[in-house]
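The exercises below ask you to read a fold step by step, each task being followed by its worked solution. Please keep the sequence and the coordinates at hand while you work.

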Amino acid sequence: MEVYMKCAAGIAERFAIVISPQLLMFWDNSSEPWGVKNIESRYAYANKAYYDLINIKRSLHNIEGSLDDQLPSSIAEFAWHFKEHDRSTLQVKDRLCSLEIHRYGSEQLLQPYYFDKFPLFDHKIGKCIGTIFHARKFEHFSLLKHINGERPTFFCFFPPEQLFSDGELDVIFYALQSMSSKIIAKKLNLSFRTIENRLLVIYKKAGVHCLSGLVDFCRAKGFDRYIPQKFFCAGSQLINAYPKNRPLMPVSRNHFTA
């Protein structure tokens, strides 16, 4: 595949990245976001799933040749982070993974995604000529679920049922993390008695009498996978460890809290 781009000065510049037809066919048909950037972090390719993720219509705006800060998308403000991640990937010549929390999709909800970045080599010259990226949803899984024979699932960002109020859903979220009423009260800046009263209302609505019953109810209904939007902050952070023999430049300050 050969890609034609424009440099910042507007002068046409030819930049060729050769990608096998097999990979292109795989990416074009994949339901997961994939893309390629050159060594300047300009997009050389992105599949439809990635366009959908960043909420850009390909028919109206082709991102090939663009930098992240030039995109009409909420991710543009984090372009500096993405470029540093690209540079780090080129430096270590191995996969790097970042946790990205941004407003994705047509609904523009804050959601967590893993972004894996791989170095793209030109076999003829033996050098990195860019990066390949792949986005995947943040999985909801634990060793206990594995032991119990449960399959990995994904978090959801809408309540599975309109059974509880927003305030009750906040309490449920923290209660499912095994937090006491005292800690939940501190987290939500409410009184201990208010949390206790909300739990009683929650138990009644769920038809249970204790926390263990609520846990079972939430697992059965899917409330254990729900995360309220208020507990997310947009951000970008590298998360994987690096080989000891490959020192890595500092990437960024932590700009996210989940």
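**Exercise 1. Establish the strand order of the open sheet, and find the strands that stand at its edges.**

Solution. The model is a predicted one, and its open sheet consists of 6 strands that follow one another in the order β4-β3-β7-β6-β5-β10, with antiparallel pairing. The next step is to look at the ends of that order: β4 (43-46) and β10 (235-238) each have a single partner strand, so one side of each is left without a neighbour in the sheet. As for the twist, neighbouring strands of this sheet are turned on average by 20° against each other when direction is ignored.

**Exercise 2. Describe the pairing of β6 with β7, and then the helix that packs on the sheet.**

Solution. Strand β6, residues 109-122, pairs with strand β7, residues 127-137, in the antiparallel sense, and the pairing runs over 10 bridges. To place one of these bridges in the structure, start from F121, whose bridge partner in β7 is C128. Helix α3 (residues 79-92) packs on the sheet, where it touches β3 (34-38), β5 (96-104), β6, β7 and β10, and its direction makes about 160° with that of β5.

**Exercise 3. Classify how helix α5 is oriented against α6 and against α7.**

Solution. Take α6 to begin with: the axes of α5 (residues 166-175) and α6 (residues 181-188) come within 10 Å and cross at roughly 130°. Because angles of 65 to 115 degrees count as roughly perpendicular and those over 145 as roughly antiparallel, this crossing makes α5 oblique to α6. The crossing of α5 and α6 is right-handed, and the residues that meet are D170, V171, Y174 and A175 in α5 with I184, K187 and L188 in α6.

Turning to α7 (residues 192-206), α5 packs against this helix at an angle of about 95°, with the axes 10 Å apart, and the two helices are therefore roughly perpendicular to each other. Here G167, E168, V171 and I172 in α5 meet I195, R198, L199, V201, I202 and K205 in α7.

**Exercise 4. Set these elements in the context of the protein, using its element counts, its burial and its contacts.**

Solution. The protein contains 8 helices and 10 strands, and 47% of its 258 residues are buried, where buried means under 20% relative accessible area. Among contacts with a separation of 6 or more, 52% join residues 24 or more positions apart. Finally, the protein exposes about 14800 Å², of which carbon and sulfur atoms supply 54%.

Key: Residues are numbered from 1 along each chain as its sequence is written. This is a predicted model: local features need pLDDT of at least 70, side-chain atom pairs count only at pLDDT 80 or more; totals for chains, interfaces and linings use all residues. Side-chain values use heavy atoms; hydrogens and water are left out. Two strands pair if DSSP finds at least two bridges between them. Helices (H or I, at least four residues) and strands (E, at least two) are DSSP runs, numbered from the N terminus. Axes are lines fitted to C-alpha atoms, for helices over the stretch in contact, and angles run from 0 to 180 degrees between N-to-C directions. Contact means heavy atoms within 4.5 Å. Buried means under 20% relative accessible area, exposed over 50%, partly exposed in between (1.4 Å probe, protein chains only). Accessible areas come from the Shrake-Rupley method with a 1.4 Å probe; for residues, only the protein chains shown count as cover. Angles under 35 degrees count as roughly parallel, over 145 as roughly antiparallel, 65 to 115 as roughly perpendicular and the rest as oblique. A crossing is left-handed if the near helix is turned anticlockwise from the far one by less than a right angle, and right-handed if clockwise.
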